[in-house]
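User: I should like a close look at a single strand and its pairing partners. Please then continue to the ring contacts and the remaining side-chain features, so that the answer reads as one connected account.

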Amino acid sequence: MVKEQEEGVMVLEGPPVLKTPTDQLCYRVITLANGLSVLLIHDPSVSETESNANNSKENGNAANATMSMELDYMNNLTTQTPHAGGGSLIFNRLFCLLSVYIDFGRGDSREVLQVVMQRRAQSPCQPKRYNLAAAAMCVGVGSFSDPKDAQGLAHFLEHMLFMGSSKFPNECEYDNFLSEHGGSSNAFTETEYTCYYFDVMQSYFKDCLDRFAQFFLSPLVKVEAMDREVQAIDSEFEQVMQNDACRLLQLQCHTSSPSHPFHTFSWGNKKSLNEPMEKGVDMRGKLLQLYNDHYQAGCMKLAILGGEQLDTLSQWAVELFGGVRQGGKEQMKFSTWNPPDPVWEAAGCMYHIESVTDQHLLVLVWPLPCLQSSYLKKPEAYLSHLISHEGAGGLLLLLRGKGWGTSLSAGVADGGFAKSSAGYMFHVAVQLTTSGLQHVFDVVGFLHQYIKMLRTIGPQEWVFKELQSISNMEFQFAEEIAAADHVVTLATNMRIYSECDIIYGDYAFEQWDPELLTELLSYLTPSNMRLDLMTKPFDKNVPGVKFEPWFEIAYTVETISKEILQAWADPAHVDSALHMPSPNEFIPHNFSIYIQTIAAKNNKCDSIKSSLVVLLDEPALRLWYKLDQTFQMPRANAFFCVLTQTASNSVKAAVLTEMYVNLLLHELNETMYLANMANLESSITVHGFKLELKLFGFNEKLPVLVRRIMEFHQSLVVTPELFQAIKEDMERDFRNAETNPLTHSSYLRLQALKSRFWHVDDRLTCLLSLSTTDLTKFIPTLFHKTYIEALCHGNLLEVEALDIANIFKKALVRNPLPPRQRPQDFIIKLPASICLLLQENVKNMNEENSIAELYFQIGQDQGIGSTHMRCMTNLFEHIVYEPFFNQLRTKEQLGYVVDCGTHDTLHVLGFGFRVQSSRFSPPFLEARIHAFIETIPTMLNDMKEDEFESHKNAAAEQKLEVNCSLLDETDHYWDNIWDQRYLFEQNKVDAMEVKKIRKNEVVKWCRRHFGCRSTLRQELCIHIWGANALLGKVNDNERPQDEMVPQRQVMLVHDLEDFKANQEVFPPLH
């Protein structure tokens, strides 16, 4: 329908958007007169939140203010299944494919393959932000449109749009505005589109939207900013040069047919962007041409989410974006591949590729036609579900039984190289064992046997209906996601789905099409297959070694014999172990809400306890419980902390405990997989003396999963074959630890601070000496004395919570662990007025990046008694994060990763500054960090009172943010229970305390804890030396020495354990 705005501008209103029954947002799609498609989203909770805050002018860098909990992730390697943040669980599994098959070790999940190029570093512990206004613009041009003589141009243009506009020429205007008003922003460049987005406090939404709109109206593309942004892009590229997933992707691009859109270098770097300019290419002219050709209204999709009514948002869209140039009505298509045309230059070959990490990764890729128009059928999801199935009859179970593989993933990932108009790429990735490496062709042969089995029996509608049932329940009971994530998802979905399916399209299994499935199976042949084998070690001296030019990846190409290819194409038989799976027993059918049932019977809920209560408090078990009345979903969360006396009292015990957990996870694999597919997820992790088990999802089958886990625990049998497989996996994990400089630095900081710390090298040495007998003897002793603290929260009755807790108690507790015997970890008190210096070289000598990290110890957080200290640290982060980033990243261009933030390490607060760079040495980076720190008191003194008040208000508001999902609320409770704090309402107290802080207090506090001349300063400095710094390939002489900081006393620590043995520790709190 056509609707006339007050200004007289005509807009076209689209059909209603199909949303989930639980979604409280209101949606409307409109098309402006210039052709721009806009999704308007009214969020009543945003306006309600502002109202509840008494309309205070909340400013400040709320998005960057985080109290990061120091997880012991590098000291305790674990395995867990992460919970999905939104959308279909099935598709989260598929779209995370590339992150699944590259094992980065715990704590590095944010560093998995990113096909998108992020504009700016994010705080590593930045939380999801709710109750904010947000907007995202998706522009229909990406790296597939890069000219051959300017690779990375689309990414370069993305950067340049942040560098000021005609209306707001200051290139820091946008970032500063967001920083001052509790917001954040980012952008990424995909193959066929570029997405820009931000979130901000509701009161400042329109003003921020105005600044955002200028990206698409009048960007300046300043000449003087081009060199800096090329350097930023080059720094981004250097972050991924040693990332195996990115390296594999680029090699696949490099070896693709020159006429295919894949044949590109989408990241861009200094060489690809500067060298053309040196040869006379007008790079600014190319940027403007790309902008003028494609940044047109018809190529754009805009999503706006705010607290205003839809009519108001519509008026804003017309007012602010109505001036975007018309044009670009048709979405660009890159459908150049027509089966059986080859995507890659070499057919019938296997690529042997050098791996950075210690692994044997087999990846098979089949090009498929573009399936964007088949989103209601999702045939690729059907194939993924079966080929990656981890239950009986699946390929993985067979490979594990033979000792050839440890994990398998299959599907079409979510990145542009896997899903584009040029075609879809169906991946199968297998992590091989050392034995499996010797049987690579046999593994491929079994895969083709499985595919033949699928062809023989034909498409099965019951499988589709099972996927449909799971996806429908996920859609019906979808939980809220962060505002920025929501608008990004919907803006990108607008490119693919019809207007009414912008939300539902991710979940839709509407049309059963067996003919299409049969067609896709016909593409899964050896003649259409690419085969990559990524291994370490790799012999670079063998004949025929080639090198990819951008990442310098070493690889060889092996021709596969016609006989083998023919055997794969038509297997003589199908192994009897390969067959269709059984129906999933964990799919729930009862979605009743207990609180609604109780209310209907009693006609009131007054008798139901609305707060968290203790149901049991016994010597061996304490159980916390709360029946959810807020979210009213058929979901529940059951979390358990199992404290044992022997889990980590020696390096041998620590390693054996990890082996026990890995053994249990191995035996539970099929059960946990099936439950996970039905959106009942689980994780088992080790944290020192504590084992943590989490179960979360639809509640009907939760007790079934609990019983199954404990049954497997009680029936564990350690066989020599299983022991060897687990040992090999752990050895690989230990060898791959610390290969990333950022995690290496964090690991070294934790090692310095924790009094008891089992270094990964010591654990590796211990692991190699262990036998099957060692593990068999250890397991019965692990739970000799045990104490369990548990939380059951959600759609569970008291009797169900008690039953679940007692199942654990019966299986895990033989003798209660008395309070005085419960082990504790302690944190070292850093000496005052001296800087401790720790130095190590990178583990991977091809890693060019170095790290300088400065950690300042603040004090022990004792709960209520430390409220002022905790709030002061939190407020300090709000104030300094953006200036630190702007100075060292934007202005000085030291490196791509520049961040600072609060650390909570076993209740000891600290504050850290960190820079990663390939261009400067660690001592130079350290000096630049200190130079910035020395300016903070002056910056604070010069800060206007209203600006300081704004920072306080923003910090307080973040403390008062409401939980937007059941899992968020459970996590809040669990953090307090795990830490044995039980201060569930402390955030309200902190919010009031923040507002009492005066500016002169912050100045004095800063000088006390960070000043070079302070006698109370407790400082730890960490240097991780990268290859460039070790070889002297750095630019330390770019800065005059008079800019450096005053000298201070520094002590180089050679033997860390010897040093710690003579230091005082903070006292226990419990």
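Analyst: The account below starts with one strand and then turns to side chains.

The model is a predicted one. Within it, the strand chosen is β28, which covers residues 908-917. Each of its two faces can be listed by residue: V908, G910, G912, R914 and Q916 point one way, L909, F911, F913, V915 and S917 point the other way, and all are buried. The count for the strand agrees with this, since 10 of its 10 residues are buried.

Two strands pair with β28. With β26 the pairing is antiparallel and runs over 10 bridges; within it, L854 has F913 of β28 as its bridge partner. With β27, residues 897-905, the pairing is again antiparallel and comprises nine bridges; here T902 has F911 of β28 as its bridge partner. F911 and F913, the two partners named, belong to the group that points one way together with L909, V915 and S917. Strands β27 and β28 form a hairpin with two residues between the strands, and in this hairpin L906 adopts a positive phi near 50°.

The other partner, β26, spans residues 850-860, and the loop that lies between β25 (834-841) and β26 holds M845. Together with L1030 and L1031, M845 makes a nonpolar surface patch of about 300 Å². M845 counts as partly exposed because its relative accessibility is 46%, which lies between the limits of 20% and 50%.

Aromatic contacts come next. Over the whole structure, 59 aromatic pairs are found. One of them joins Y351 and Y555 in a tilted arrangement, with 6.3 Å from centre to centre and 40° between the planes. This pair links distant parts of the chain, as Y351 lies in strand β11 (residues 349-354) and Y555 in strand β18 (residues 554-559), 204 residues apart. Y351 is buried at 3% relative accessibility, and Y555 is buried with a relative accessible area of 5%.

W624 and Y982 form a stacked pair, with 5.3 Å from centre to centre and 20° between the planes. This contact also links distant parts of the chain: W624 belongs to strand β20 (residues 621-627), while Y982 sits in the loop between α31 (966-978) and α32 (986-994), 358 residues apart. The two rings fall in separate accessibility classes. W624 counts as buried because its relative accessible area of 9% is under 20%, whereas Y982, at 24%, is partly exposed.

Beyond such pairs, one aromatic cluster is formed by F162, Y174, Y196, F198, F205, F212, F215, F216, Y291, Y295 and W316.

Rings also take part in contacts with charged groups. The charged end of K402 sits over the ring of W404, at 5.5 Å from the ring centre. R635 lies over the face of F698, with 4.5 Å to the ring centre.

K402 is also the residue that ends helix α13 (395-402), and E390 is placed in the loop between α12 (379-387) and this helix. E390 is buried, with a relative accessible area of 12%. Its C-alpha lies 8.8 Å in space from that of S407, the two residues being 17 apart in sequence.

Methods:
Residues numbered from 1 in each chain as written. Predicted model: local features only at pLDDT ≥ 70, side-chain atom pairs only at ≥ 80, totals over all residues. Heavy atoms only, no water. Phe/Tyr/Trp six-rings, centres within 6.5 Å; stacked < 30°, edge-to-face > 60°. Helix = DSSP H or I, 4+ residues; strand = E, 2+ residues; numbered from the N terminus. Buried < 20%, exposed > 50% of the residue type's maximum accessible area, 1.4 Å probe, protein only. Lys NZ or Arg CZ within 6 Å of the ring centre and 35° of its normal. Patch = residues over 30% accessible without salt bridge, like charges linked within 9 Å, V, L, I, M, F, W, Y side chains within 5 Å. Areas by Shrake-Rupley, 256 points an atom, 1.4 Å probe, with all protein chains shown as cover. Salt bridge = Lys/Arg side-chain N within 4 Å of Asp/Glu carboxyl O. Pairing = 2+ DSSP bridges.
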